[in-house]
Amino acid sequence: MIKIYNTLNKQIEEFKPLKSGRVLIYHCGPTVYWTQHIGNLRGMMFGDLLVRTFKYNDYEVKYIRNYTDVGHLSSDEDEGEDKMEKGAKRENKTPLEIAQKYIDIFEKDTKKLNLLEPNTKPRATEYIKEMQAMIQTLINKGFAYETDLAVYFDVSKAKDYSRLSGQSEKDKIEGTGTGDIQDKNKKNPNDFALWFFRTNKHKNALQVWPSTFKSKAVKDGLGFPGWHIECSAMSKKLLSDSIDIHLGGIEHVPVHHTNEIAQSESANGIKYAGYWMHNEHLLVDNGKMSKSEGTNYSLAEIIKKGFDPLVLRFFFLSAQYRSKQNFTWRALLGAKNGLDHLRNQIRQLGEKKGSINSDYKNNFLQAINNDLNTPQALAVVQKLLKSNLNKKDKLATILDFDQVLGLDINKTNDENVPEEAKKLLEKRNKARADKDWTESDRLRTEIEKLGYTIEDLNNKTRVYKTD
Ligand code: AMP
Ligand code: ZN
């Protein structure tokens, strides 16, 4: 049994799939106008953990994580400039080039963090037709209306509009959808845009498409979609009208996800997602991550400081996704020591695999299936290592857990070895191939001086940090 916290009902619930043995998951992915910081990556890692947990429980998983490459304005409340265009101006590139550049960086980062590939990674700009069809349905059903500036969703028509956030309508007026286009024809201040026409504040928009929507200000309904309709349309097209779980960052609750629910349920006439799950934010030095303070670290900066990316993964595992986690370099160093120690403990188990211990597996499942309690899952790993179980079974059991943890526990430590030692190692391998044992021994001593131990096995050489 898998239990997860459902934001919709504000409680931990037993997960019940729409179809037995299968789970459909949609995850709001990054807006690709900038390098994603480690806070963004924590959110993506949360999706990965959920996917791995369902797979570990033998579910067939369909996991979609999108790229927003149009329509996400500077604020989530429809204010300001499109983030992609901001990025394009900043770097003197086209929005398309900006999207490609930051998708590439993001994908490299996700690989380094061992995030499993989603089934599909749709780009919003490739689903404009689907978005337009959904908007048209909303107009036809009386949930949406056109003005000369935009097509809006009429929030007064939505059933129980604020149920995800539990806010009162009055609170929403201050927070959401008001926008800065000052449209006097908007019916309710909270109505949010489904389609922006290329006029007024958006008259210079670079990424636009013709549409059948009517505005006296533009020809051919030229414009671009609002951010919220993107996820509703991609989820409908690539998964189903009704999905099991929808994921995203905690700040999406009052605006983006509230609006997604309103659109999808009004258009499709069926419950959108049974479960809504949200990750809490990463803090840096106990504060909000901030570009101006230089605390919106990227994975590249972590690596530049000499950390293996999986140290960051291990650090993320040490807090449950629903609690705020505080990043400091000191804490990351702690994670590094923790992971080094874990790797050394595992190395000492040897290489032979026995069988998976069912008691420990049950303990592990209990932790991970309890709303992804990763700190507890790591505690089970330590308990197992300290137990008097034989080495072979310990190894087999830990490798089994690693399907969820994703720490590449079965890899030797070679990857964490600094360049200098790697070069010496290469030379030593060559010396050994040439049967030059004196040189080989000399190089071993050199490597040991750098703090690394060499172990020659039957068919390979292992190197690891000396304990
Ligand atoms: P954006 O690129 O701004 O659309 O953000 C991408 C994702 O990162 C969103 O789901 C946000 O919820 C999430 N996010 C932004 N800041 C943080 C943070 N400090 N910690 C965790 N997740 C974050
Ligand atoms: Zn979304």
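Trainee: What is the mean pLDDT of the protein chain?
Mentor: This is a predicted model, in which local features need pLDDT of at least 70, side-chain atom pairs count only at pLDDT 80 or more, and totals for chains, interfaces and linings use all residues. Residues are numbered from 1 along each chain as its sequence is written, chains are lettered from A and ligands numbered from 1 in the order written, and side-chain values use heavy atoms, leaving out hydrogens and water. With pLDDT being the predictor's confidence in each residue, from 0 to 100, 95% of the residues reach 70 or more, and the chain mean is 93.

Trainee: Over which residues does pLDDT stay under 50?
Mentor: Where pLDDT is low, the predicted coordinates should not be read in detail. That caution applies to the stretch where pLDDT stays under 50, namely residues 173–178.

Trainee: Which polar backbone atom is 2.9 Å from a nitrogen atom of ligand 1?
Mentor: Polar contacts here are pairs of N or O atoms within 3.5 Å; within protein, one must be able to donate a hydrogen and the other to accept it, and residues adjacent in sequence count only if both atoms are side-chain atoms. Polar side-chain atoms of T31, at 3.2 Å, and of H252, at 3.3 Å, each lie by an oxygen atom of ligand 1, whereas the backbone atom paired with the ligand's nitrogen belongs to G39.

How values were computed:
Contact = heavy atoms within 4.5 Å.
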